[in-house]
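Good morning, and thank you for joining. I would like to take you through one protein model, beginning with a single term and then moving from individual residues to the overall dimensions.

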Amino acid sequence: MKREGDPGPQPMFNREKSDLKRLPMMPVRDMVIFPQMMSPFIVGRESSVRALEEALAGDKKIFLATQHDASLDDPKPEEIYTVGTIANIVQSVKLADGNIKVLVEGVERGKVAQVTTEEGFFRASVRPIPNRIEPSPQVDQAASRVTTLFEQYVKLSQNLNYDSMIAAVRSDDPAKLSDSVASNLQIPVEEKQELLECFDALERLTRVADILEGEIEKLNVERNINTRVKRQMERAQKEYYLNEKLKAIHKELGRGEKSELDDLKKKIDAAGMPKETHEKAIQELKRLEMMPPMSAESTVSRNYLDWLIAVPWKKKSKEIRDIGVAEHILEEDHFGLEKVKERIIEYLAVRQLVKNPRGSILCFVGPPGVGKTSLAMSIGRATGRKFVRVSLGGVRDEAEIRGHRRTYIGALPGQIIQLMKKAGTVNPVFVLDEVDKMSTDFRGDPSAALMEVLDPELNHAFTDHYLDVEYDLSRVMFICTANVLHTIPQPLQDRMEILRIPGYTELEKLQIAKRFLVKKQREQTGLSEENLTFTDEALTHIIRHYTHEAGVRNLEREIANICRKLSRRVVKEGRGLKVEVTPANVSDFLGVIKYREIWAEKKNEVGLATGLAWTEVGGQVLSTESTLMEGKGRLTLTGKLGDVMQESAQAAMSYIRTRTSTFGLPRDFYRHLDIHVHVPEGSIPKDGPSAGITIATSIASALTRIPVRCDVAMTGEITLRGKVLPIGGVKEKLLAAHRMGLRTVILPKDNEKDLAEIPAEVQANLALRFVETMDDVLQLALEHPVQTAAPGPVPEVAADFHSEAESDQELTN
Ligand SMILES: Nc1ncnc2c1ncn2[C@@H]1O[C@H](COP(=O)(O)OP(=O)(O)O)[C@@H](O)[C@H]1O
Ligand SMILES: [Mg+2]
């Protein structure tokens, strides 16, 4: 195939000299004329006009070749491509400005062999290059590829007329097809010239197809960009239009956006923010101004500014510094609690003298309803500060204290900042209730955040994630409350001054009810003193039989119940109604008795010992029961017992094994027995070593078959050798024993020192026995001394177990 198209080396020309045509030659700029192509163009150059005239004078054939550099007016022959097209001049029209408009039709390719200059124009000897192609599947394939691609190209390209272009490809001759498509491509002149110089038609077809592919890709990219740009422009225009409209509406309604922003600016200036915060607020305001008023981001920004403005920065309550006033108010609000009140007064005094005393955070620890929160409120009143309270019970997430970053949807400041806003002043009394109930999990440690809040060296620059500016908490008086201490992280405890409120005796509760609770509830339900009175006996009856607590919360609730019922009757029967509550009519209001003095009514039983525990709700009386079963020496414990309690049980067991002979048991008794120890009483988790002697007593009783005295309660840790060690919470435990009507309490000798803080009322009603060894305990707790026990042989114990095992099953089922 090469044979056909290739002009070949010089010798060829010599051989085929007869093929050469001598034609006027016209250089063209910025375009390449292809065979089969109709092209209109303007001719203005003198030399070109001459060549044209020469052609028109002859057979109207002219050789058109592209000049290398379009800017040259007078190109020399060597500055013109040697491959061009022989064309027919179809039309020529002289224009008014002297230029000539011509329409030419390409006939065939030609290669210049020689150029001569004649009267002002070029004449070239041109060898025509035939444009033929042998049909083959390869050619068909290439041709159809070009056709398809060209259609796509025309559709994408905006500069081409679809109909005429499609007409151009409707050629049966693949060779002509390649030229007509090439002539329509929007590519640089150099590339077009290369196509013209490609004499092999198949190769040209392939090249044209490749170029089309590349161009289509470019056009596609361009189109995507264009549509995107267009869409963006449309959106921006729409937004602009809507905003303008909105502004116009606002103006029409007389509440200009501008005045709202001015308003914000005034508020920011008036808020008394520190310099940096103020700057930040102004910066945010500027951002807000730039935002479209109804957009989501402007809402976020406005909310943020509202928070910055609403949090107190400067406003302060005038503090009362008179300690006398404080003393008076504390006395007025609470009965008893002498020591606690004294410590509070001292604390207030120290705070006035020292700026940031160590351990300067008060923490009230005690069971529910003993007045922790209400004491803190009193402190607020006594110092002239506002009062706010947050419950930290169940707080696990640092963000609850410190807030979420503004970037979160619906983000808010944490509890600290929220409550500061509520307080509205920089120096409130801030109660952190239930600090012991806070827990840690994967969302970050809230106690670490709390540390920062409470640390006087850090809290002047507290950072909330939402506010994102430093906030000074140093003038706040923080007060914590907790039911127990041991779950509060030690570093936090170190910051606190701990005040224990263990609970009230029956007499104290009576006084609190008489002086405070009845009055308070009467007022809250709109009753007068004439309407409703309580006898002391009635209140004591309620305390004993309707409540079962260390504090007075339920007591207050029951009194409130009675008041509500009565106010209903007053509404019905008139203001003159007079009722006196006595033990006889309490049940009319409160229903049947809820608690009996069960312990006093119990009988002595084998294996059942009464212990005293210290729990979150104060002191508690807990019975411990042991049963024996035939077995292999296993010790089983049930009833939500902690590890320490399990160890106590092991220690109790070890003690008993050192006393086999005293108890009249075979040395290896435990090999044939399983012992099951159970501590019932609800599902309160129990732990601590103080149940040691109770468990030991219970097991010893089960083994010796000697009943335990049911009116005796006990508490104490036991060692492996049977020594009794001191325990904590004596006051709480004794209050509970007293409350439950027990008569005797066995305590470790080393706890004798705690007697000082036990109310006289309790001491008078309880026989307190201080012991040093487990032997002493058994002496006091068992119905009769061990020595006189009939040493029951093992088979008897084993024979006995059947019935016990059955009852045991019932129990556990
Ligand atoms: N010593 C007291 N004198 C007067 N009222 C008391 C006393 N102790 C508790 N109260 C009252 O008992 C109720 C419960 O007290 P509260 O402060 O809620 O207890 P806590 O915070 O310890 O659970 C409140 O109405 C409180 O005023
Ligand atoms: Mg409370």
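When I speak of contact in this talk, I mean heavy atoms within 4.5 Å. Please also keep in mind that the model is predicted.

With that term in hand, let us turn to Arg 29. This residue sits in the loop that joins strand E1 (21-28) to strand E2 (38-43). Which residues does Arg 29 contact, once its neighbours within four places in sequence are left aside? They are Arg 45, Gln 67, Ala 70, Ser 71, Leu 72 and Asp 73. Arg 29 counts as partly exposed because its relative accessibility is 31%, and that class lies between the 20% and 50% limits. Between the C-alpha atoms of Arg 29 and Val 571 there are 111 Å, with 542 residues separating the two along the chain.

A second arginine may be set beside it. Arg 721 lies in the loop between strand E21 (717-718) and strand E22 (724-725). Its relative accessibility is 71%, and Arg 721 therefore counts as exposed. Outside its neighbours within four places in sequence, Arg 721 is in contact with Tyr 655 and Arg 659. The C-alpha atoms of Arg 721 and Ile 656 are 9.0 Å apart, and these positions lie 65 residues apart along the chain.

I now move to the helices, starting with H27, which comprises residues 730-739. How many of its residues are buried? The count is 10 of 10, so the helix is mostly covered, given that buried means under 20% relative accessible area. The buried set includes charged side chains by name, among them Lys 731, Glu 732, Lys 733 and Arg 739. The elements that cover H27 include helix H19 (506-524), strands E16 (608-615), E17 (618-630), E23 (744-748) and E24 (767-771), and helix H28 (760-765).

One member of this helix deserves a separate remark: His 738 belongs to H27. His 738 is buried, with a relative accessible area of 14%. Not counting residues up to four places away in sequence, His 738 touches Glu 761, Val 762, Asn 765 and Leu 766. Just after H27, Gly 741 adopts a positive phi of about 80°.

Helix H29, residues 774-781, offers another case of burial. Its buried residues are Met 774, Val 777, Leu 778 and Ala 781. These residues lie on the same side of H29, because they cover an arc of only 95° around the axis.

Next, a helix pair. H12 (residues 323-333) packs with H14 (residues 372-383) at an angle of about 145°, and the axes are 9 Å apart. The crossing of H12 past H14 is right-handed. On the H12 side the contact involves Ala 326, Ile 329, Leu 330, Glu 332 and Asp 333, while H14 contributes Leu 375, Ser 378, Ile 379, Arg 381 and Ala 382. Sorted by class, the contact holds 6 nonpolar, 1 polar and 3 charged residues.

Finally, the protein as a whole. It contains 30 helices and 24 strands. Its radius of gyration is 53 Å, whereas a compact globule of 813 residues would have one near 28 Å. The C-alpha trace spans about 155 × 80 × 60 Å along the principal axes. Of the 813 residues, 48% count as buried. Among contacts with a separation of 6 or more, 74% are between residues 24 or more positions apart.

Technical notes:
Residues are numbered from 1 along each chain as its sequence is written. Chains are lettered from A and ligands numbered from 1 in the order in which they are written. This is a predicted model: local features need pLDDT of at least 70, side-chain atom pairs count only at pLDDT 80 or more; totals for chains, interfaces and linings use all residues. Side-chain values use heavy atoms; hydrogens and water are left out. Axes are lines fitted to C-alpha atoms, for helices over the stretch in contact, and angles run from 0 to 180 degrees between N-to-C directions. Helices (H or I, at least four residues) and strands (E, at least two) are DSSP runs, numbered from the N terminus. A crossing is left-handed if the near helix is turned anticlockwise from the far one by less than a right angle, and right-handed if clockwise. Buried means under 20% relative accessible area, exposed over 50%, partly exposed in between (1.4 Å probe, protein chains only). The arc is that of the directions from the helix axis to the C-beta atoms. The radius of gyration is taken over C-alpha atoms; the globule rule is 2.2 Å times the number of residues to the power 0.38.
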